Amino acid sequence: MATTQSPSPNSNDDKPQAVSELVQQANQVLQDVRPEATKQSVPASVFVNSEPIREDQVSNAVKFLSHPKVRGSPVIYRRSFLEKKGLTKEEIDEAFQRVPDPSPSSQPASLNQDGQANSLSSIQTQVPIQTSQPLAAAPTGIVSSGTVARRQFQWYHAVSAVGLLAASGCGTALLIKKVIIPKLKLWVRKVVLEEENDYAKKIDAKPSLAEEAATAAKAAAAAASDVAKASQEMLNSKNEERRRFEEFMNLMDAQVQEMKSMSNSIRKLEGQANSSGRAFSDHDDHRASASSTKQSYANGNVDVNVQPGRSSTLPASAEPPHPKSFMEIMEMIQRGEKPSNIREVNDMPPNPNQQLSNPRITPRTKPWEAQNGPRQVLQSQTSAEGLNQNGVDSGLNYLVDDESSTPWWQWKNLRITEIENEDEVKADGSYGVKTNEQPSVQRTWVPPPPPPVAMPEAAEAIRRPKSAPKETAMQEQLADDQSAARPSEVTDELQRITKMSESAGAVEMNGGFLTGNSTVIQEQENSYEGN
Amino acid sequence: MPVFKTPFNGYSVRFSPFYESRLAVATAQNFGILGNGRVHVIDLAPTGPVINELIAFDTADGVYDVAWSESHDSVLVAAVADGSIKVYDTALPPQSNPVRSLKEHAREVHGLDYNPTRRDSFLSASWDDSVKLWTLDRPASLRTFREHAYCVYSVAWNPKHADVFASASGDCTVRIWDVREPGSTMIIPGHEHEILSCDWNKYDECLIATASVDKSIKIWDVRNYRVPVSVLNGHGYAVRKIKFSPHRRNLLVSCSYDMTVCLWDFMVEDALVGRYDHHTEFAVGVDLSVLVDGLMASTGWDELVYVWQQGMDPRAS
């Protein structure tokens, strides 16, 4: 099941030879086991996908992977996308196999340029081979070429646009130079001519050719000066725009920050309880970074693919109200300042080969591990509080007896969770009072669920022949439908069992019976206690 | 109920599996953005609601998580934001600590979990998208599990199967792994947003809970992982950490950026059975004691560590 992604484990493996052989043997055993394993027969295979490969999912994945835009993206993101859609590993691998990938592990940059040409041809050659409908292939071919062309167009479009801008800038500069100088000259001449004309007009009523030419020239000069002014203004405005744009961006960021802090403080004032208006939440793992400072405040930036650097990743949502000083520190970092309270700490081990001290206490068994021989454990602890329970009943007697001698952290909770209380009150009148616990005794032992029974219905049937048909039917139904909880049925079932247990003997519930709740455990304890 | 004030912002709290009254706290300066870190080992005083600090270890960078060794009662490991894992031994004199510095991750180490059944190995989850397997007696990692497409926030060993573990990642999936296998054995695309925490049910080894930025906690059965067994809604913001109770089959505790710690019974229709709002900043760390039923602890960015019995008010004195 090796993928193109994961490195071979042996490369990182420092284990000695014997252990690696063991691993290989284990792998072999598992591989033999897995094809035959049913869902519950072999425990290890429960954690493995046992679903068959779904052809529809694979074909969808193939279509997805064949898309040229997808081909340009890193493989890890393609896999991640498919995983999020719910495909299993096998299905993803199958889809990758079916889509001929020219360079599965190459860099996206190289794939961008070369892969586009290749993808076009490969798509067209793929068309007759693929099992997907031939009708869809032609439009996809056209669409893909269109998108490819558009992509190229966009790329070069940007380059040419920049070139055009530069050229126009130079052109206008030249134009202005060429126009300004004559314009100046004309303007001077115009002024001079005006003065002359004033004199000449008084002297010569008839406008001469030269004057006509002069007026024409004036008009032309005015027009040219207007054009020059306009083009100069354009240049200036472009520069100004660029400057303003940057200023604007900075202002926007500052404003966004202000707005955020304001809204945060408002939210805080409104209290944590009021969460109805906010439909979003967010997760910020904020780390400072000089480079990616703007990312952390990119409100509404949905791009999950963006690497966080050391700053946050924000799915498209509003943020939870951060503490004010948190914002201050983030701003400081963004400005490039280091918070003043950081010290130089040398946390390297003084002796890397230092031996660990010998353990003084043997590890205790975990409460859920007491699976082997529950009865023995019980007998050894009958006097003690071995039966850990919802300190309901015990709590009441408990505190009265020995407040002083037990550490405060062992005082049981007085307040009862409603559900457990009701069930317990119903269930156990005979529930024993717990004595105080010595710190050394394993007071935390919980009667474990009995070992899983292969045929719970049969076990139940054997034990309760009277109500067997109904019980077993319910049991089967509940045992089969393990993915959904049905509280009403369960409580009915459990009430029945409750009554049974009080009167009869042991009730052994299936350990793997998912719908059991704490009341079930109560029943077990009752039965054990009774025994 | 006692309170412990840390100089830095709290990130994680863990009960010791050997001593009922001992906890370890991971803290980071400046909310973990940039600054030093400190690991506190604290003891609950038996006489009254007081918490005493046994020892504290300073680190160059923030500490995001801490885990107690299951084999050595005095050893703990700390996940540091500079990508290293520090090993401390409280039985040795302070100047001998740290005992080890395991530096392999390329980015921050965000989660640690010690194997509770085999007790010899632990896992580290890092923002460099990988999970590493370590033992205390080796200077280098045994395995690296690299499949996630984004930061791995949390790892959890299966309480029954010593070779199986789960990892929760920002690529919105939870992966089930077997250390004997080269790659992940199951992928659960659990949420539409980042998954910050995962934990196995201690009494049913096929049930796993995931907590996400989408404010919900989902319980999954790995045998039928297309549909969650249960969805727990109630938090107002992202759920940061969850933990199944070591004593009750259906109980789990969660802490969230809405500053509350919640108790859930996922088999019940109205699953929320308790809510504690003692923190005044993000609640980021929570733990239930394995040794004492009902004892829980939480920490948050308000630099406080609370330890209290379930059902009591954490702020009561």
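1. A good place to start is chain A, keeping in mind that this is a predicted model. Here A:Ala61, A:Phe64 and A:Leu65 of H3(A) meet A:Arg78, A:Phe81 and A:Leu82 of H5(A).

2. The two helices behind these contacts are H3 (residues 55-66) and H5 (residues 75-84) of chain A, whose axes lie 11 Å apart at an angle of about 150°. Because angles over 145 degrees count as roughly antiparallel, H3(A) is roughly antiparallel to H5(A). The crossing of H3(A) past H5(A) is right-handed.

3. Turning to chain B, you will find the largest nonpolar core, with 30 residues. B:Leu23, B:Val261, B:Met296 and B:Val307 have the most contacts inside this core. At least two core residues come from each of the chain B strands S2 (9-15), S3 (22-28), S4 (37-44), S23 (251-256), S24 (261-265), S26 (283-288), S27 (295-300) and S28 (304-309). The most come from S28(B), which gives five.

4. B:Leu23 deserves a look of its own. Leaving aside residues up to four places away in sequence, B:Leu23 touches, among others, B:Val13, B:Phe15, B:Val41, B:Ile42, B:Trp68, B:Ala297 and B:Val307. The polar or charged names on its contact list include B:Arg14, B:Ser16 and B:His40.

5. Another core, of 23 residues, lies apart from the one in point 3 and includes B:Ala28, B:Tyr237, B:Phe282 and B:Trp301.

6. On annotation, an unreviewed UniProt entry places "repeat: WD" on residues 102-144, 145-187, 188-230 and 232-265 of chain B. Over residues 232-265 of chain B, the model has 53% strand and 0% helix, with the end C-alpha atoms 9 Å apart.

Notes
Residues numbered from 1 in each chain as written. Chains lettered and ligands numbered in written order. Predicted model: local features only at pLDDT ≥ 70, side-chain atom pairs only at ≥ 80, totals over all residues. Heavy atoms only, no water. Core = buried A, V, L, I, M, F, W, Y, C linked by side-chain atoms within 4.5 Å. Buried < 20%, exposed > 50% of the residue type's maximum accessible area, 1.4 Å probe, protein only. Helix = DSSP H or I, 4+ residues; strand = E, 2+ residues; numbered from the N terminus. Contact = heavy atoms within 4.5 Å. UniProt positions renumbered as here; feature names shortened; annotations may be inferred. Axes fitted to C-alpha atoms, helices over the stretch in contact; angles between N-to-C directions. Parallel < 35°, antiparallel > 145°, perpendicular 65-115°, else oblique. Left-handed = near helix turned anticlockwise from the far one by under 90°.
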